[in-house]
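Got your viewer open? Let's take a walk through this one, selecting as we go.

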Amino acid sequence: MAAVKGSILVTGANGGLGAAIVNQIASSPDLSTHHGLYTVRDANSAPALNTVLKNNPSHPHDVLSLDLTDLANVRSVAQTINTRVSSGTLPPLRALILNAGFQDFGHQTQTKDGLDTTFVSNYLGHWLLTLLLLQSIDKSHGRIVILGSQSHDKLTPAPSSPEDKRNAMSNPFSYKSNKYRTMLTPTSNLSAIAHGTWSPSTEDPSWHSGFRRYGAAKLCCVMMLHELQARLDRDASLKDICVLGVDPGAMSTSMARNAPWFIRVLIFKVAFRVATWWGGVRTVERSAGDVVWGAMEGVRGGYFDGRKAMETSGEAREREKREVVWRESVGFAGLGEGETVLGEWR
């Protein structure tokens, strides 16, 4: 068997898209020689992932339990990985694929830290994990792939924004005279998003409230793409690390497990599968291929709809807002001196 080239970490590896990403890696003659680090909520209960790994027995891998909503657990898992890389028992991270995602569809909950679960599971947990693992990423070839979403691009009325037309059908951001078309002003902070008081389910119990909060979390992820790449570019020891975003598009996955019946069954299981025949919805295999392509070949600092380059939303490109999100993320995650090798981490 060929020598292991590096490690590839995938979060949410037991989900529909996550397992498909792992299959792309484990079944590829080239990528399967990398060491897979596959994180799931519970390593003892990951049937989809285990099926993929059993079908590819020669692929070196570890399955790790990781709860992105538990920041203490994020730190523990990152420390384990960093220790193994520094000791030479695990090759440096060639790619970090931030795939795990969660939508509550209006069933809003909080983490034990008192933060909105949608915000932490989609954004803050990934942000912290990435900052902690920078010491273990291949400094010459490392890549960080952030999964985007069309939902990040309907939160601003600015004419310069592309305002993703895929949101037009349900138009969840038009609630009460466009109240939620913008997430932040240059002088506001992230507290309402982090604590779930921005578009709360108590105000709007429909699935729209959850989708808006999901979109806000994904907007933070896209802002992270721009801001982290800029900070890495200014860091002499980390400047060759590439960050990029991939929107995998609409798919029939388990993301809708908390949705009302008509969304969970009629839309995700029936309409979506029919729509794959004419291209309106993608298969998880196609989307997984796009994500893996991003992890190996995508353009530095780019954002892609599949493999097609596209511009992120106007709000995501506003430097002042990105700096607000970054600064507040440091506080909500409790990131302290010495926890990350990024020089410009505050």
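How many disulfides does the count come to? Zero. Keep in mind throughout that this is a predicted model.

**Stop 1: the cysteines.** Select Cys-220 and show its side chain. Cys-220 takes part in no disulfide, and the nearest cysteine sulfur, which belongs to Cys-221, sits 7.1 Å away. A disulfide needs the two sulfur atoms within 2.5 Å. Cys-220 has 0% relative accessibility, so it counts as buried. Now jump to Cys-242: at 5% relative accessibility, this residue counts as buried because the cut-off is under 20%.

**Stop 2: the whole protein.** Zoom out and switch to cartoon. You should find ten helices and eight strands. Colour by burial and 58% of the 346 residues come up as buried. Turn on a surface next: the protein exposes about 13,900 Å², and 53% of that comes from carbon and sulfur atoms. If you like contact maps, take the contacts between residues at least 6 apart in sequence: 77% of them join residues at least 24 apart.

**Stop 3: the largest nonpolar core.** Select Tyr-123, Leu-124, Trp-127, Ile-144 and Met-183. These have the most contacts inside the largest nonpolar core, a set of 63 residues. Helices H3 (71-87), H4 (117-133), H6 (191-195), H7 (207-233) and H10 (319-333) each supply at least two residues to this core, and so do strands E4 and E5. Which helix gives the most to this core? That's H7, with eleven residues.

Stay on Trp-127 and show what surrounds its side chain. Leaving out residues up to four places away in sequence, Trp-127 touches Met-224, Trp-326, Ser-329, Val-330, Ala-333 and Leu-335. Apart from the largest core lies another one of 31 residues, including Val-10, Val-40, Leu-53 and Ala-95.

**Stop 4: helix H9.** Select residues 284-296. At 1.5 Å a residue, the 13 residues of H9 should span 18 Å, and the end C-alpha atoms are 18 Å apart, so the two agree. Is H9 mostly covered or mostly open? Mostly covered: eleven of its 13 residues are buried. Among them are Val-284, Gly-289, Asp-290, Trp-293 and Met-296.

To see what does the covering, add strands E1 (7-10), E4 (93-98), E5 (143-147), E6 (242-247) and E7 (303-305), then helix H1 (16-26); the cover over the buried residues of H9 includes these elements.

Definitions and conventions: Residues are numbered from 1 along each chain as its sequence is written. This is a predicted model: local features need pLDDT of at least 70, side-chain atom pairs count only at pLDDT 80 or more; totals for chains, interfaces and linings use all residues. Side-chain values use heavy atoms; hydrogens and water are left out. Helices (H or I, at least four residues) and strands (E, at least two) are DSSP runs, numbered from the N terminus. The expected span of a helix is 1.5 Å times one less than its number of residues. Buried means under 20% relative accessible area, exposed over 50%, partly exposed in between (1.4 Å probe, protein chains only). Contact means heavy atoms within 4.5 Å. Accessible areas come from the Shrake-Rupley method with a 1.4 Å probe; for residues, only the protein chains shown count as cover. A nonpolar core is a set of buried Ala, Val, Leu, Ile, Met, Phe, Trp, Tyr and Cys residues joined through side-chain atoms within 4.5 Å.
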